[in-house]
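Thanks, everyone, for making the time. I would like to walk through one model this morning, beginning at its surface and working from there, so please have the view open as we go.

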Amino acid sequence: MSGNQRRRTRVNAQFNMTVCIGDAEDCCKTKIELKTKNLSLKGVLTTSDSRLLDGKPCLLAITLTPEAVIKVE
């Protein structure tokens, strides 16, 4: 493998995910329900939705179980 190739491990993982548009204070206004397709250490691939916009602040909530929810701002 040459030195300039990216190497990333992606894990197929289907979880329910909620994207709240806006910062933490007003994120309850717009909630989008998605499903993850895969996860890596650098990101997550999900189903698409036209309401998601590049550069807009949001809060991601990935539900593993009702007791285990991962939230990323």
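Let me begin with the nonpolar patch on the surface, which is formed by Leu 64, Ile 70 and Val 72 and which has about 230 Å² of accessible area together. I should say at once that this is a predicted model, so what follows is computed from predicted coordinates. Of the patch residues, Leu 64 is found in strand β5, which covers residues 58-65, and Leu 64 counts as partly exposed because its relative accessibility is 39%.

The residues of that patch come up again when we turn to the largest pocket, since Leu 64, Ile 70 and Val 72 line that pocket together with Phe 15, Leu 39, Val 44, Leu 60 and Ile 62. Which elements give two or more residues to this lining? They are β5 and β6, the latter spanning 68-72, and β5 gives the most, with 3 residues. As for volume, the largest pocket comes to about 160 Å³.

Let me step back to the chain as a whole. There are 6 strands and 0 helices, so that reading along the sequence gives the pattern β-β-β-β-β-β. Buried residues make up 23% of the 73 residues, while the accessible surface comes to about 5,900 Å², with 50% of it belonging to carbon and sulfur atoms. Among contacts with a separation of 6 or more, 43% are accounted for by residues 24 or more positions apart.

For a residue away from the patch, consider Thr 46, which lies in strand β4, residues 44-46. Is Thr 46 buried or exposed? Thr 46 is buried, because its relative accessible area of 18% falls under the 20% cut-off. Leaving aside residues up to four places away in sequence, Thr 46 touches Met 17 as well as Leu 34, Lys 35, Thr 36 and Lys 37.

Finally, a word on charge. Side chains of opposite charge can pair when their charged atoms come close. In this model the count comes to 1 salt bridge, formed by Asp 49 with Arg 51, where the closest N and O atoms are 3.0 Å apart. Arg 51 counts as partly exposed, because its relative accessibility is 45%.

To return to where we started, Leu 64 belongs to the nonpolar surface patch and also lines the largest pocket, and I would suggest we open the discussion there.

Terms used:
Residues numbered from 1 in each chain as written. Predicted model: local features only at pLDDT ≥ 70, side-chain atom pairs only at ≥ 80, totals over all residues. Heavy atoms only, no water. Helix = DSSP H or I, 4+ residues; strand = E, 2+ residues; numbered from the N terminus. Buried < 20%, exposed > 50% of the residue type's maximum accessible area, 1.4 Å probe, protein only. Contact = heavy atoms within 4.5 Å. Areas by Shrake-Rupley, 256 points an atom, 1.4 Å probe, with all protein chains shown as cover. Patch = residues over 30% accessible without salt bridge, like charges linked within 9 Å, V, L, I, M, F, W, Y side chains within 5 Å. Salt bridge = Lys/Arg side-chain N within 4 Å of Asp/Glu carboxyl O. 1 Å grid on protein atoms, 1.4 Å probe; cavity = no way out; pocket = protein on both sides within 12 Å on 5 of 7 lines; lining within 4 Å. Points joined across faces, edges and corners; volume = space filled by probe spheres on them.
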